[in-house]
Amino acid sequence: MEKIGNVKAVIFDLDGVITDTSSLHTHAWRRMADEENIPFDDETADKLRGVSRRKSLETILKDAKDKYNFDKNYTQEEFNELMERKNSYYVQSLSAVTPENTLPGAKELMEFIKSRGYKIAVGSSSKNAETVVKNLKIENELDAMVNGTEITHSKPNPEVFQKTADKLGLAYEQCVVVEDAASGVKSANAGGMVSVGIGPEERFKDNHGRPNLRFDDMQSFNAKKEEIF
Ligand code: B16
Ligand code: MG
């Protein structure tokens, strides 16, 4: 495996890369959807990786209509209440997140990358990213972080990662982005960064979402660290 070029920092996505809060997002959406009798299947859940809260609910309702003829129209106020309800369930579940909840290989990989002199950062679409990072007790390890409250355009727009590179004081091509979402890999590619996709090959089959490197999970990425960094 080739070394990763002339890069100076690694920007990690949070949900699905450092920790498995993506399953907590899914549980929270499912709880709200069940209460509302909105059909919500696993294929739709997978599309929500890296996608903003608003865009996630739009996707759930569109899929429910297209796949299951669910045809209820919500007012803007009702739509907002559904988003808030999901968020309250998600925030409740975050109290159970501890340092034990880092994905296998993630902490070791971050420590190794730091020890090799690279900067490390987090770029997340989540407005709750600070709470997650605090609960995982990794905030002191990070050289920079950008969360969902600091961006106007969510992934696949490159804003989140470009802002992170700006905070690090680095050019975009000096940064590697590690992402579990197709939308996040697109965002890194569009931003001129090196992209690493975490997840099955089928997830990244769309041309713009094709990562420079791909691993099935963080443990496999960690196993190759000495060859790459
Ligand atoms: P919130 P990431 C993303 O985080 C999640 O993957 C996505 O499922 C979620 O909808 C989004 O954050 C917004 O989260 O509702 O907490 O603002 O993968 O970019 O770290
Ligand atoms: Mg993610």
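Start with the whole structure on screen: a search of it finds 23 salt bridges. The model is a predicted one, and the stops below go from the two domains to the ligand and then to some local details of the backbone.

**Stop 1: the two domains.** Colour residues 9-19 together with 102-228 as domain 1, and residues 22-94 as domain 2, following the domain assignment of the protein chain. Domain 1 is thus written as two segments. Taken over C-alpha atoms, the centres of the two domains are 25 Å apart.

**Stop 2: the interface.** Select the residues where the domains touch. Domain 1 brings 14 residues into contact with twelve residues of domain 2. About 1000 Å² is buried between the two domains, and carbon and sulfur atoms give 44% of that area. Now show Asp15, Asn128 and Arg203 as sticks: within domain 1 these lose the most area to domain 2, together 37% of what that side buries.

**Stop 3: polar links across the interface.** Two salt bridges are counted between domain 1 and domain 2. To see a salt bridge between side chains, select Arg49 and Asp180, where the N to O distance is 2.5 Å. Six residue pairs are in polar contact across the interface of domain 1 and domain 2, both residues of each pair being at pLDDT 80 or more. Next select helix H6, residues 129-136, which gives the most to the side of domain 1 that touches domain 2, with three residues. Colour that side by class, and it shows two nonpolar, seven polar and five charged residues.

**Stop 4: the ligand.** Select ligand 1 and the residues around it. There are 18 of these, and Val51, Arg53, Ser126, Lys127 and Lys155 are the closest. Three distances are worth drawing in the viewer.

- From Val51, a polar backbone atom is 2.6 Å from an oxygen atom of ligand 1.
- From Lys155, a polar side-chain atom lies 2.7 Å from an oxygen atom of the ligand.
- From Leu14, a backbone N or O atom is 3.4 Å from an oxygen atom of ligand 1.

**Stop 5: the bond after Lys155.** Stay on Lys155 and add Pro156. Is the peptide bond between them cis or trans? The bond from Lys155 to Pro156 is cis, and omega is near 15 degrees. Pro156 sits in the loop between strand S3 (144-146) and helix H7 (159-168).

**Stop 6: helix H1 and the loop after it.** Move to helix H1, residues 21-35, and pick Arg31 and Glu35. The two form a salt bridge, with their closest N and O atoms 4.0 Å apart. Both lie in the helix, four residues apart, about one turn. Finish at Asn37, in the loop between H1 and helix H2 (42-47). What is the phi of Asn37? Phi there is near 55 degrees, a positive value in a residue other than glycine.

Terms used
Residues are numbered from 1 along each chain as its sequence is written. Chains are lettered from A and ligands numbered from 1 in the order in which they are written. This is a predicted model: local features need pLDDT of at least 70, side-chain atom pairs count only at pLDDT 80 or more; totals for chains, interfaces and linings use all residues. Side-chain values use heavy atoms; hydrogens and water are left out. Domain bounds come from an automatic or database domain assignment. Contact means heavy atoms within 4.5 Å. Buried area is the accessible area (1.4 Å probe) that two parts lose on being put together, summed over both. A polar contact is a pair of N or O atoms within 3.5 Å; within protein, one must be able to donate a hydrogen and the other to accept it, and residues adjacent in sequence count only if both atoms are side-chain atoms. Helices (H or I, at least four residues) and strands (E, at least two) are DSSP runs, numbered from the N terminus. Ala, Val, Leu, Ile, Met, Phe, Trp, Tyr, Cys and Pro count as nonpolar, Asp, Glu, Lys and Arg as charged, and the others, Gly among them, as polar. A residue is near a molecule or strand if one of its heavy atoms lies within 4 Å of it.
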